[in-house]
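Visitor: Please give me a close look at a single part of this model. Start with one residue that catches your eye, then follow the chain's surroundings from there.

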Amino acid sequence: MKARMHKLISELARLYLADGQQDTDGQPVTPEVLARQVSGGQAVAANLVSETGQVRALVLEFGGKGGGDKHWSDLCAIANALQHELDLPAPAVSISGRTSFYLWLSLETPVPQAQAQQFLQLLRTVFLPASTDILTAAPADFLESVELPPCLQPSGKWAAFIHPGMGASFADEPGLDMPPPLQAQLGFVESLRSMTAAQFAKALALLQQHAGVAPVAAAAPTAAPTAASATVKGPPSSGGLLLQDATLEDIVQWLHARNIEPTFRHRLP
């Protein structure tokens, strides 16, 4: 149990925490703090922007009361576009324990906040051009703080990482009634990879080119790769990975490959 928790916390730090990471109260987000949180203690919101204005975890929120199916569909469109249109590593998917889904992107090298914010704004602009939410205000394009799953919310529900093909089953209630198994949480994140500085720069250049906007401050002295050899194709087609269309067999095979024993919240027809 302790070994799994230690490994899970190590993977979360590898992907989403920067050196000297602090929470919104200015306190260090240490392994001990995360261990208490994973065990059901108070959830801690980590600052995604460092004191020097750098960001290495990009988190997109899809949610609000009502419209769960649409929120999930929008998340799927962005998740597929990241992998198949921008050639970036697979993101993680989580439920908030409140009313939202989150999409998690990891950067090997932190980038300036303005650049991170433009990247996330352009993802919505390019891949969800006709998306409007009449049920609630649009989610923020950039989250400055977020609680790392798994964690217990004041609602009594758990935030947790989930298999990206099972989000539709959480459309009405993006939370778990019980603590998620640590082995499953570890399985959802340990194979994930951070995008390199070159991958991020190329993807950002493609988005800027497609949307016709000017670049913001560069992440590094090295010039960003030119977008001349590739183009953003727009909203993903029916080919490739479609998270909302994953079959039960697809999900079970994916879980078993990671030594995760599947459990399901709802009776399947």
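Guide: Asp87 is exposed, because its relative accessible area of 60% lies over the 50% cut-off. The model is predicted, so every value here is computed from predicted coordinates. Asp87 sits in the loop between α3 and β3. Its phi is near 60°, a positive value in a residue that is not glycine. Most residues other than glycine have a negative phi, and most peptide bonds are trans. The second half of that rule also has an exception here. The peptide bond from Pro149 to Pro150 is cis, with omega near -5°. Pro150 belongs to the loop between β5 (145–147) and β6.

Both loops lead to strands of one sheet, so take the sheet next. Five strands make up an open sheet, ordered β2-β4-β3-β7-β6, with antiparallel pairing. The edge strands are β2 and β6; each has a single partner strand, so one side of each has no neighbour in the sheet. Strands of a sheet pair through backbone hydrogen bonds, either parallel or antiparallel.

Start at the β2 edge. Strand β2 covers residues 54–63, and nine of its 10 residues are buried. So an edge position in the sheet goes with a mostly covered strand here. Its pairing with β4 is antiparallel and runs over nine bridges. Two of the facing pairs can be named. Phe62 stands opposite Phe101 in β4. Ala57 stands opposite Ser106, also in β4.

Cross to β3, the strand that follows the Asp87 loop. Strand β3 takes in residues 92–95 and pairs with β7 in the antiparallel sense, over two bridges. Ser94 has Phe161 as its bridge partner in β7. Now look at β7 itself. From this strand, residues 158–161, Trp158 and Ala160 point one way, while Ala159 and Phe161 point the other way. All four are buried.

The other neighbour of β7 is β6. Strand β6 is residues 151–152, and again two bridges link it to β7 in the antiparallel sense. Cys151 bridges to Ala159 in β7. The hairpin of β6 and β7 has five residues between the strands. One positive phi falls in that hairpin, at Gly156, near 90°.

Stay with Cys151 for a moment. Its relative accessibility is 0%, so Cys151 counts as buried. Cys76 is likewise at 0% relative accessibility, so Cys76 counts as buried too. The structure holds zero disulfides.

What packs around the sheet? The largest nonpolar core has 42 residues. Those with the most contacts inside it are Leu58, Ile78, Leu82, Leu86, Leu103, Phe119 and Leu123. At least two residues of this core come from each of β2, α3 (68–84), β3, β4, α4 (113–127), β7 and α6 (197–211). Helix α3 gives the most, eight residues. So α3, the helix that precedes the exposed Asp87 loop, is also the top contributor to the core.

Helix α4 deserves one residue of its own. Phe127 lies in α4. Its relative accessible area is 3%, so Phe127 is buried. Compare its position with Asp74. The two are 53 residues apart in sequence, yet their C-alpha atoms are 8.9 Å apart in space.

Last, the empty space. Rolling a probe the size of a water molecule over the atoms shows where empty space is left. A search of the whole structure finds one cavity of 30 Å³ or more. About 80 Å³ of space lies in the largest cavity. Its lining is Leu15, Tyr16, Pro89, Ala90, Pro91, Ala92, Trp104, Leu105, Ser106, Leu192, Arg193 and Met195. The elements that supply two or more of these residues are α1 (2–16) and β4 (100–112). Strand β4 has the largest share, three residues. By class, the lining holds 10 nonpolar residues, one polar and one charged.

One thread ties this together. Ser106 lines the cavity, and Ser106 also faces Ala57 of the neighbouring strand. Strand β4, then, pairs with β2 through nine bridges, supplies at least two residues to the core, and gives the largest share of the cavity lining.

Notes: Residues are numbered from 1 along each chain as its sequence is written. This is a predicted model: local features need pLDDT of at least 70, side-chain atom pairs count only at pLDDT 80 or more; totals for chains, interfaces and linings use all residues. Side-chain values use heavy atoms; hydrogens and water are left out. Buried means under 20% relative accessible area, exposed over 50%, partly exposed in between (1.4 Å probe, protein chains only). Two strands pair if DSSP finds at least two bridges between them. On a 1 Å grid over the protein atoms alone, a cavity is a set of points where a 1.4 Å probe fits but cannot get out, and a pocket is an open set with protein on both sides within 12 Å along at least five of seven lines; lining residues have an atom within 4 Å of a point. Grid points are joined across faces, edges and corners, and a volume is the space filled by probe spheres set on the points. Ala, Val, Leu, Ile, Met, Phe, Trp, Tyr, Cys and Pro count as nonpolar, Asp, Glu, Lys and Arg as charged, and the others, Gly among them, as polar. A disulfide is a pair of cysteine sulfur atoms within 2.5 Å. A nonpolar core is a set of buried Ala, Val, Leu, Ile, Met, Phe, Trp, Tyr and Cys residues joined through side-chain atoms within 4.5 Å.
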